[in-house]
Amino acid sequence: MTKEVYVGGLGAVTAMGVGRAAQLSGLISGETALGPLTLFDTSHDVIVGEVKHSNRELAVLAGLNGGRDYSRTTLLGLLAAAEALEDSGVNINGLRIGFISATSVGGMDVSENFYCHYNKDSNRGRLRQLMGHDCGASTQFIAERLRTESFVTTINTACSSANNAIMMGTRMIKAGLLDAVIAGGTDSLCRFTVNGFSSLGILDREQCRPFDATRSGLNLGEGAGYLFLHSSDVKTTRRYCTVAGYANANDAFHQTASSADGTGSYLAMSGALEMSGLNVNDIDYINVHGTGTPNNDASEGVAINRLFAGDVPPFSSTKGFTGHTLGAAGGVESLFAILSLTQGYLWPNLNFKESIEEVPGMVPVIELTKKGEMRAVLTNSFGFGGNCSSIIFKQDKRSQL
Amino acid sequence: MREMNLYINGMATINFSGTAQERLLQPEPDYKLYIPDAGVRRRMSRIIRMGISSALMALESSGDSRTDAIVTGTGWGCLADTEKFLISILDNNERMLNPASFIQSTSNTIGAQIALMLSDNHYNNTFVHGGSSFEAAIIDASMLAMEGRERILAGGFDELTLTKENLLNRMGIWRKHIRGEGSTFFVLSPSKGARSMGKIVALDLMGKDVSDNEIIKRGKELLESRGLSFSSLRAVLCGRDSLCGYFQDMKIDTEYYKLSCGEYPTSAAYGLWRGVDLLSNSDSGDYVLIINSYLGEASSLMLIEK
């Protein structure tokens, strides 16, 4: 069980654009990609992180023929997963390669349209629109399209889903069950989540302000992010880093709220650190979950402060760029953390002015900072149901060109 | 195929089959024994009550309420709450919505609620991949056991709401399949305990549209790798109607278990429960093969040993 697992390819789509290059330039620009919602009609006045392409445009980009109701989740996921595979440069013939994807809304955008008709008359609504409803449908479609079917599954632990998909993939490679896995997550904006988070009163009408004293909620986003994970036997174009540690823990406090002392997040981070064999001072950057809700940031801040005994490494929430991409967040933000690790940048935490009351003096990275060599980065994703998952990516010396 | 060594140290199942009317008439377990707070119980959808209770019943049967991982699988997820929230969006024109059904609509609700009730801070994961969701949870459990976990609570559940029943009816599913829903949980461990009822020794997961012949071939391979054959099995629990005749013709004790539980994405969990139940009256060293297919979506083989 000591096998190293490497990241050999990256793919992402967010409000900042399609492809990992768009993510890098978006983060370097320091400009938010958040804006008003245009994808569908809603009575809510919200700011969101929309991918600026219609479904038709996304289908063309992904090389799909028209005439089918692809869910937006499927389209975003296919674009990002195909990019991760292509980036690896691997010829998949003869490899045991799997696809493990996370999603929390699945094909809800299409199901909502179906339901508008069905709700009026239970004999109405086009059944074909429902084929993509189940969370597994987008995963299955993408896996078949990319021919990565040695093992295919879908994980839904709400907003921590994609980190769990990356963990599952890493563990299957370590256990010798697969040679490579494309793992991450995809979620699209839909009425269901806009209304859901609105009903909980945790959407900010302004731009979100993660880890700021005046924060008052999150902005929803959409997108997809995947890593091409592989064993040392698989030859890829480059090796970005290793997956050095990870842990999944449960806060076991409340279905939607986090505990004041951040038990779950502390256990996830400390578990990942313990597995990696690294010390707290080896962590050069944390991409925090940092949704911008009063509860999450307080709980996560307290847990980070406890783990690092007050000496907190540079950290930021990138949700001010993309919004909260829910089930995709762990995939997208793992990619941001890896770009930080390999490019030597610390990403700014947009809209920060004053530190949170619960951890006075806890200040995130405010401006884009170029550092020298980075050793290791930590990324957090936490979700409803107390699900907390953290991953540490480490610079792989041998992968340096 | 995946070899594993997972002892089953506790288990429980709750199932309902037949039409909506018939399912409603079937007796329910006494949920208040497991979810004592009447208000909490009332706010929970049917699947949440069923899921939590069967999980706690499985722990009870193991004689120990401790767990160090919770892994669940569900193909359909929490449909009733999802639908309730969708209707409220439409009916109330997006205004003054009650978040309760939104909160309970995510597929990880049951795994999370179990952790909450047990104050369990350990690993917690939920698989939502249609007809192979439960099998994915078992694969995760087998890795957790290899990684040193001792008491893994693993289960599969699905609810057949009226809407789901109507939609599957419009798709013609009930012409060939029996309506059903249920929740089944197991306490799994790499170590044999005083209450061990058997162990899962192999699992083979197959993708879409697998033929009867392919399943027979894979079954033979799985058994031959352990020096066994179909005729040496104590029984075949067959969750695929078209295959049952093949084993009956070989004079093998064969049970089409979907007559009891009906068809739903995680019905393999019931098949496993029934298999272990059969082994309880059986001799040490006996094997049962569980074959499951969910519509055309996914098929699996599980081999269990007493």
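**Exercise 1. How far is the sulfur of A:Cys388 from the closest cysteine sulfur, and in which residue is that sulfur?**

Before we start, please keep in mind that this is a predicted model.

Step 1. Find the partner: the closest cysteine sulfur belongs to A:Cys159.

Step 2. Read the distance, which is 11 Å.

Step 3. Compare it with the cut-off: a disulfide needs two cysteine sulfur atoms within 2.5 Å. The sulfur of A:Cys388 is therefore too far from that of A:Cys159 for a bond.

Step 4. Look at the surroundings: A:Cys388 counts as buried, at 6% relative accessibility.

**Exercise 2. Find the cysteine sulfur closest to that of B:Cys244, and decide what the distance says about a bond.**

Step 1. Recall what we are looking for: a disulfide is a covalent bond between the sulfur atoms of two cysteines.

Step 2. Locate the neighbour: the closest cysteine sulfur is in B:Cys238, 3.2 Å away.

Step 3. Apply the cut-off of 2.5 Å. The sulfurs of B:Cys244 and B:Cys238 are too far apart for a bond.

Step 4. Check accessibility: B:Cys244 is buried too, with a value of 5%.

Step 5. Widen the view to every chain: a search of the whole structure gives 0 disulfides.

**Exercise 3. Describe how the rings of A:Phe114 and A:Tyr118 are arranged.**

Step 1. Start with the total: the whole structure holds 20 aromatic pairs over all chains. One of them joins A:Phe114 and A:Tyr118, with 5.6 Å from centre to centre.

Step 2. Use the angle: the planes are 20° apart, and planes under 30 degrees apart count as stacked. This pair is stacked.

Step 3. Place the pair in the chain: both residues belong to helix H4 (residues 108–118) of chain A. Because they are 4 residues apart there, about one helical turn separates them.

Step 4. Ask about burial: A:Phe114 has a relative accessible area of 1% and is buried, and A:Tyr118 is buried at 7%.

**Exercise 4. Now do the same for B:Tyr270 and B:Trp273.**

Step 1. Take the geometry: the rings are stacked, with centres 5.7 Å apart and 25° between the planes.

Step 2. Find the helix: these two residues sit in H12 (residues 267–279) of chain B, 3 residues apart, or about one turn.

Step 3. Finish with burial: B:Tyr270 and B:Trp273 are both buried.

**Exercise 5. Which charged residue sits over the ring of A:Tyr6?**

Step 1. Look above the ring: the charged end of A:Arg239 is there, 4.1 Å from the ring centre.

Step 2. Try another ring, that of A:Tyr266: A:Arg306 lies over its face, 3.6 Å from the centre.

Definitions and conventions:
Residues numbered from 1 in each chain as written. Chains lettered and ligands numbered in written order. Predicted model: local features only at pLDDT ≥ 70, side-chain atom pairs only at ≥ 80, totals over all residues. Heavy atoms only, no water. Phe/Tyr/Trp six-rings, centres within 6.5 Å; stacked < 30°, edge-to-face > 60°. Buried < 20%, exposed > 50% of the residue type's maximum accessible area, 1.4 Å probe, protein only. Lys NZ or Arg CZ within 6 Å of the ring centre and 35° of its normal.
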